[in-house]
Amino acid sequence: MQSTANKTAIRISPARHRERVAALQAKMEETHFDAFLVSHFANRRFLSGYSAPDHLPSETAGFLLVTPGSNFLITNFLYVDSAREETEPAGFEVVINVPGETFIQAIARLIRQSGAKRVGFESVALVFDYYEALSRELAGEAELLPTRGFIEPLRWLKDAEELVLMRQAIAISDRAFDEVRPLIQPGITEKQIAWEIERRVREFGGEALAFETIVASGPNGSTPHAVPGERVIEAGDPVIIDMGARYFGYNSDMTRTVCAGEPTARFKEIYNIVLEAELRACDAVRPGLTGNEVDAVARDIITQHGYGSTFRHSLGHGIGLAVHEPPSVSKGSPHVLAPGMIHSVEPGIYLTGWGGVRIEDLVLVTEAGFENLTGAVKDGYYQ
């Protein structure tokens, strides 16, 4: 099969990365930070373009150090060539620790050279041992100041270049699901379906799965994040497929529920309730609404049908370089929707002993309301 994408054709431009760094530097100036240490994989890629896999620990993949005048990527020698290719056009100097020097000592050296006295860091992403070691290295010379959600708001609104990548990631998963859907029949196992999806995501241009595919059949579907196993799908089973593709770092996420064979009356009932909730919630999306208000649209419909207690998770989440990121579309969420945000809409009903139904699309908030970016079939519940 031919890939749907030229793997060397599309990247975020160096100019865009420079704009992002400038926005961070402006925020640093407002908060009187002389330097900022970045260790979260998504923020590292967002600012620099560095594509080290997100499963690598920071001491292997690298840290960013951003100052008003210079920007550094401190990384392992194993990745130095690709790091230079990806980040130097964006204005980063690649640094590897010299012999006998640890990563932390290299970071401390650069901080001293910059003259920084107030250094911000990501409290949820810096390993405590590294924090302690860096504190010891800089004792009496610079202060380490924890932040939470300092960089992430810069990622909430997707620009035109990001939308191109997001649309491609979504197109890959749409195509993969639509090809695998006819295979969801009695006699095949959950693991076999998961493999068929993963193979197609790769063949159609995905650099990886966005996350491990969920295939939950029959009673297993009552667990929203079930792990696909050896269970053989039976006639009449509801089968939840939650899947996504990654393309140049950007992720897709969608869920479809189908019936293996002839749908039962109960399946039709539950499916139609969830579909109504999902469509109505999508239609409600517009700038100015809070995540709580959009969540309530779907939750109220499911509750009116008597299944409110079975919808046990939030309606949706933001997505981009991370599969789950703000804005949250959930009960109590204060996040206000704005044009350029992309989030999921994924109501569900889960019944112990029977299974579940979840339907998920990704929607882009626009000036006029929303655009549904997900195109995979969802308007029928049987083959």
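**A colleague's note on pockets, a cavity and two sets of strands**

1. The largest pocket has a lining of 20 residues, and those nearest its centre are Pro53, Asp54, Glu207, Ala208 and Arg246. Helix H2 (41-48), helix H8 (190-203) and E7 are the elements that each give two or more residues to this lining. A pocket here is an open set of points on a 1 Å grid over the protein atoms alone, with protein on both sides within 12 Å along at least five of seven lines, and a lining residue has an atom within 4 Å of a point. Helices (H or I, at least four residues) and strands (E, at least two) are DSSP runs numbered from the N terminus.

2. Please keep in mind that this is a predicted model, in which local features need pLDDT of at least 70 and side-chain atom pairs count only at pLDDT 80 or more, while totals for chains, interfaces and linings use all residues. Residues are numbered from 1 along each chain as its sequence is written, and side-chain values use heavy atoms, with hydrogens and water left out.

3. Back to the pocket: its space comes to about 380 Å³, a volume being the space filled by probe spheres set on grid points that are joined across faces, edges and corners. Its lining divides into nine charged, eight nonpolar and three polar residues. For these classes, Ala, Val, Leu, Ile, Met, Phe, Trp, Tyr, Cys and Pro are nonpolar, Asp, Glu, Lys and Arg are charged, and the others, Gly among them, are polar.

4. The whole structure holds one cavity of 30 Å³ or more, where a cavity is a set of points that a 1.4 Å probe fits but cannot leave. The largest cavity has about 50 Å³ of space. Its lining includes His40, Asn43, Glu122 and Arg148, and by class has four polar, three nonpolar and three charged residues.

5. E7 also belongs to an open, antiparallel sheet of three strands in the order E7-E10-E11. Strands E7 (208-209) and E11 (250-251) are at the edges with a single partner strand each, so one side of each has no neighbour in the sheet. Two bridges join E7 to E10 (residues 245-247), with leucine 209 opposite alanine 245. Strands pair if DSSP finds at least two bridges between them.

6. Strand E1 (residues 35-38) is covered on both faces, with Ala35 and Leu37 buried on one side and Phe36 and Val38 on the other; buried means under 20% relative accessible area (1.4 Å probe, protein chains only). E1 pairs parallel with E5 (residues 118-122) over three bridges, and antiparallel with E2 (residues 63-66), also over three bridges.

Note on methods:
Buried < 20%, exposed > 50% of the residue type's maximum accessible area, 1.4 Å probe, protein only.
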